[in-house]
Amino acid sequence: MDQNNKEHKSHSGYSTYILVWISLLALTSITVTVAGVDLGAFTLFVALLIAAIKSGLVINIFMHIKYDEPIFKVFLSLSGFTLLVIFILTFFDVIYR
């Protein structure tokens, strides 16, 4: 019984997968559309925001992190924080050249 609950808890329904897939397609279309629009200084911010949303959907739903143990979420958050620090350091390097 406990194994059935774990198995059921770790799997989303097919309707969820289809909704996430449609969302990913829509966000990709938005990314392509925004790439053609001149947003000035916000272009990179918008592209990174859309990419973050898309990666959040993939990580939580398709990689089942949403249903896994909390320790995996901690390690994923730590790796995301490390990536954020690397991005910030890279932007500072580019800005002050």
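Is His 64 buried, exposed or partly exposed? With a relative accessible area of 24%, His 64 comes out as partly exposed. Keep in mind that everything in these panels is taken from a predicted model.

**Panel A. The whole chain is a run of helices.** There are four helices and zero strands here, so if you walk along the sequence you get the plain pattern α-α-α-α. Of the 97 residues, 9% count as buried. The accessible surface adds up to about 7,900 Å², and 73% of that belongs to carbon and sulfur atoms. Take the contacts with a separation of 6 or more, and 65% of them come from residues 24 or more positions apart.

**Panel B. His 64 sits in the loop between H3 and H4.** The two helices on either side are H3 (43-62) and H4 (70-95). The backbone is the thing to look at: phi of His 64 is near 60°, a positive value in a residue other than glycine. His 64 follows H3. As for cover, its 24% relative accessible area is over the 20% limit for buried and not over the 50% needed for exposed, which is why His 64 gets the label partly exposed.

**Panel C. Helices H2 and H3, checked end to end.** H3 has 20 residues, and its first and last C-alpha atoms are 28 Å apart, close to the 28 Å expected at 1.5 Å a residue. H2 has 22 residues, which should span 32 Å at 1.5 Å a residue; the distance between its end C-alpha atoms is 31 Å, so the two agree.

**Panel D. H2 has a buried face and an exposed one.** The buried residues in H2 are Tyr 17, Val 20, Leu 24, Leu 27 and Val 34. Looking down the helix axis, these buried residues fall within an arc of 110°, so they line one face of H2. Part of what covers them is H3. On the face turned away from the buried side you'll find exposed residues: Tyr 14, Ser 15, Leu 19, Trp 21, Val 32 and Thr 33.

**Panel E. Tyr 17 and Phe 62 stack across two helices.** The structure holds three aromatic pairs. One of them is Tyr 17 with Phe 62, a stacked pair at 5.5 Å centre to centre with 10° between the planes. Tyr 17 belongs to H2 (residues 14-35) and Phe 62 to H3, so the pair ties together parts that are 45 residues apart in sequence. The two partners differ in cover: Tyr 17 is buried at 14% relative accessible area, whereas Phe 62 is partly exposed at 35%. Zoom out a little and ring pairs link Tyr 14, Tyr 17 and Phe 62 into a cluster. Within that cluster, Tyr 14 is one of the exposed residues of H2, while Tyr 17 is on the list of buried ones.

**Panel F. Arg 97 and Asp 93 make a salt bridge.** Search the whole structure and you find one salt bridge. The side chains of Arg 97 and Asp 93 meet in it, at 2.9 Å from N to O. How covered are the partners? Arg 97 counts as exposed, at 76% relative accessibility. Asp 93 is partly exposed, with a relative accessible area of 39%.

Note on methods:
Residues are numbered from 1 along each chain as its sequence is written. This is a predicted model: local features need pLDDT of at least 70, side-chain atom pairs count only at pLDDT 80 or more; totals for chains, interfaces and linings use all residues. Side-chain values use heavy atoms; hydrogens and water are left out. Buried means under 20% relative accessible area, exposed over 50%, partly exposed in between (1.4 Å probe, protein chains only). Contact means heavy atoms within 4.5 Å. Accessible areas come from the Shrake-Rupley method with a 1.4 Å probe; for residues, only the protein chains shown count as cover. Rings of Phe, Tyr and Trp (its six-membered ring) pair if their centres lie within 6.5 Å; planes under 30 degrees apart count as stacked, over 60 as edge-to-face and the rest as tilted. The expected span of a helix is 1.5 Å times one less than its number of residues. The arc is that of the directions from the helix axis to the C-beta atoms. A salt bridge is a side-chain nitrogen of Lys or Arg within 4 Å of a carboxyl oxygen of Asp or Glu.
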